[in-house]
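These notebook entries record what I looked up in the structure, one topic at a time.

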Amino acid sequence: MKQLSLPTFLLAGILLSASFSCKEPGIPPAIEEEKEEIPADDDKFEIPEGPYEYDDALNHDTEAFLKAYKGKPYKGPHKVPGTLEAEDFDEGNANVAYYESDNKSGDAAYRGSHKVDVRGDGNASGGYMIGDVQPGEWMSYTIEVEEDGAYAIDTYVVKGDGSEGSFSFEVDGRGATVSVPMPLGNWSDFTKMATAENVMLTKGIHVLRYCGNTPGNVDRFVFRRTGELKDVSSTLTYPMTMKMSNPLFVDFPSPMYNSWLTGHLYTADASAHVWNIGGKEVLYVYASHDMEPSLGCDRMDRYHVFSTEDMVTWTDHGEIMNAATVRLQDGWGSEGFMWAPDCAYNPEDGLYYFYFPHPENTQNWNSTWRIGVAVSRYPDKEFHVAGYVKGMASAIDPCIFIDDDGQPYLYNGGGGKCYVAKLRKNDWTKLASDPVQMEGLHDFHEAAWVHKFGGRYYLSHSDNHSPSKGGNNMRYAVADNPAGPWQDMGVYMYPQGVETNHGSIVKFKGQWYAFYHTANFSGHGTLRSVCVDPVTVNSDGSIEIVRNWGKAKGGESPLLSADGLTFNGADFNDGGYHYAWFTRDRKEPTVQNGAVKGMETGDWLRWSFKAETSGTCTVTCSATSGAKVLVAVNGQYPETSGHDIPSSGTLKVEGLKVSEGENFVEFRLMSGTTDLKSVSITKN
Ligand code: FUB
């Protein structure tokens with residue numbers, strides 16, 4: 001191939017760090033020379049002729065699963081309906097009858113020496129339980145179902161560290177339930193149970209798998225028949241159109257992980273673009289898909305695309321890519337791990353280029369990230385995997401930015417490092433320069449997004465977060481060059497109570513919007529929901545904080561004076577669901593005599609106030625005991641997983657940061673129930 005030499009890429013002085021948390025394939029210490037532009041040639045990816053091939057990943061052969069299953073019932077098959085002791089998992093090898101992530105042995109007094117953590121416990125039925133079931137671990141049980149039907153499984157399990165937990169079940173290798181929240185108590189309290197509803201079972205032998213999505217000690221399962229067997233096959237047809245408000249998309253149904261059952265559609269990592277479709281401006285959102293039940297971000301295995309012409313009515317065009325299709329069409333990739341994507345339109349060839357981070361293999365997922373690329377004639381369907389962008393840094397969260405001269409730039413990064421490389425102008429699946437690590441970003445975590453305004457380049461990203469601090473801020477930086485060096489401009493969105501945030505900033509029909517995600521709706525940090533709010537971009541390009549916490553009741557935020565400030569619980573902000581308050585059932589909080597009554601897990605309230613100077617404050621809450629709460633100012637918690645409201649009913653939280661100008665205080669229930677009388681703030 002003829003090599004043409006181009007000017008040096010303007011990245012002087014950019015050095016690559018020697019210590020990568022992810023393995024970087026062949027990145028030079030600094031950019032010297034740009035790779036040569038390749039003339040349109042025969043190695044450019046061509047969309048294959050013939051019918052479009054897609055693996056919907058839901059074809060599952062139950063009969064074949066049972067035939068291949070090598071486990072043997074222990075004291076079973078266990079009759080359903082009936083009671084099954086957790087310690088009576090099937091006989092068989094690891095990865096067949098059980099999966100254990102550590103090498104510890106269980107209590108040999110029952111079933112002899114075993115890697116499953118069987119433990120003697122006087123409070124457990126039969127004297128034993130399975131302790132220390134870690135995320136991703138499972139046990140299989142051969143069951144014999146008496147009659148076709150819908151069954152409930154009362155699961156006697158407990159999480160003793162006070163933080164939220166969940167478990168789920170699979171039947172014959174397929175997801176059979178959503179994530180069920182675990183009861184909280186001491187690690188040996190087996191009086192409480194949580195019910196997995198609507199497990200559809202046909203008469204005969206099946207293999208049930210208990211999956212610990214989080215740690216928990218599990219004692220027994222009680223099966224009850226609750227109704228008729230329902231046809232649970234997927235009846236989803238795309239596209240589907242609905243009116244939406246924040247959080248977006250959750251009301252669209254979607255198949256759950258590895259299952260033909262449907263649940264809420266959880267979306268994250270929205271990349272929003274405006275394409276011209278038949279002379280009309282249409283906004284498209286390319287989002288990743290959090291799978292229910294979740295296991296961290298491991299099971300995210302597909303992408304959906306959504307569009308709108310008015311920001312009110314949205315269409316879900318359905319799945320455009322999944323991990324199974326990467327393997328089918330291009331022969332590589334892991335299971336799951338389809339993380340934050342992006343898409344770009346090339347007017348030169350009229351094709352859409354969809355970029356997605358995906359590991360080369362499941363075992364070493366965290367060190368084998370690639371930026372996969374798929375190409376289509378359409379923005380919303382028939383993406384063909386063209387491979388991956390060879391030579392790009394092994395990191396997550398691709399973002400594509402096309403400069404005014406048509407030059408595409410590919411960004412990616414995570415774990416504190418952010419990279420950029422040029423793509424070939426005439427082949428957007430290949431690099432035109434080696435990736436370099438960019439300079440000047442402040443506290444970069446991940447989620448790079450680039451847009452241009454007033455001739456300058458804007459890179460927004462999440463900062464280094466801590467779930468116990470409420471998650472990450474979204475920051476932005478500016479530069480005169482698409483590759484930096486960047487100058488940090490500060491925060492444009494406060495943490496959203498989720499351990500990640502990830503956004504995009506886009507102008508649509510004259511208004512700027514910030515896309516982001518929260519986990520409020522699900523209450524699980526890895527079952528997220530995309531949201532959107534208008535954002536103000538000033539004429540000098542500065543971006544104002546996205547005001548997504550409503551407005552003080554009555555309009556004017558009260559001033560935090562030297563005397564402090566007290567809000568009645570009931571005087572929470574105006575602005576409604578998702579902004580001023582949140583309840584799982586979306587019903588307005590119940591107000592009585594100035595208090596908010598019966599707050600439940602996941603509920604929160606916000607109150608706006610003004611401060612003349614920045615500093616720290618103490619927030620004192622008066623509420624009934626029996627609940628664990630987080631108290632935050634501007635979405636940032638102190639270093640804690642929650643405070644128990646003491647029996648005195650007075651909870652004091654110190655050291656919360658206040659900014660000059662507008663602030664909001666938030667009271668969020670982590671577990672239990674409470675009535676909230678008041679929230680007082682004093683400046684330190
Ligand atoms: O969705 C998976 C990962 O979480 C994304 O790639 C990150 O940006 C974070 O949102």
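**Entry 1: strand β6 and its partners**

I began with the pairing between β6 and strand β12 (residues 204–212), in a model that is predicted. I found that 8 bridges join these two strands, and that they run antiparallel. To locate the pairing by residue, I looked up W138, whose bridge partner in β12 is C211.

I then turned to strand β1 (residues 78–80), which is joined to β6 by 3 bridges in a parallel arrangement. Here I noted that H78 has I143 of β6 as its bridge partner.

Strand β3 (residues 98–99) also pairs with β6, in the antiparallel sense and over 2 bridges. In this pairing I found Y98 opposite M139 of β6.

Is β6 (residues 138–145) largely enclosed or not, and why? I recorded that 7 of its 8 residues are buried, so the strand is largely enclosed by the rest of the structure.

**Entry 2: the surroundings of the ligand**

I next asked which residues surround the ligand. The list I wrote down is D269, C297, M300, W339, A340, D397, E446, T500, H502, H517 and R528. I sorted this shell by residue class and obtained 4 nonpolar, 3 polar and 4 charged residues.

I then looked up individual distances to oxygen atoms of the ligand. For D397, an N or O atom of the side chain is 2.5 Å from a ligand oxygen. For R528, a side-chain N or O atom lies 2.7 Å from an oxygen atom of the ligand. For A340, the atom concerned is a backbone N or O, and its distance to a ligand oxygen is 3.3 Å. I also noted the surface of the ligand: taken alone it exposes 270 Å², and the protein buries 98% of that.

**Entry 3: cysteines**

How many disulfides does the structure hold? I recorded 0.

I examined C617 as one case. Its closest cysteine sulfur is that of C621, at 11 Å; a disulfide requires the two sulfur atoms to be within 2.5 Å, so this pair is too far apart for a bond.

Is C617 buried or exposed? I found a relative accessible area of 0%, and I therefore entered C617 as buried, the cut-off being under 20%.

I returned to C297, one of the residues that surround the ligand. Its relative accessible area is 16%; because this is under 20%, C297 also counts as buried.

Note on methods
Residues numbered from 1 in each chain as written. Predicted model: local features only at pLDDT ≥ 70, side-chain atom pairs only at ≥ 80, totals over all residues. Heavy atoms only, no water. Near = heavy atom within 4 Å. Polar contact = N/O pair within 3.5 Å; in protein donor to acceptor, adjacent residues only side chain to side chain. Areas by Shrake-Rupley, 256 points an atom, 1.4 Å probe, with all protein chains shown as cover. Nonpolar A, V, L, I, M, F, W, Y, C, P; charged D, E, K, R; others polar. Buried < 20%, exposed > 50% of the residue type's maximum accessible area, 1.4 Å probe, protein only. Helix = DSSP H or I, 4+ residues; strand = E, 2+ residues; numbered from the N terminus. Pairing = 2+ DSSP bridges.
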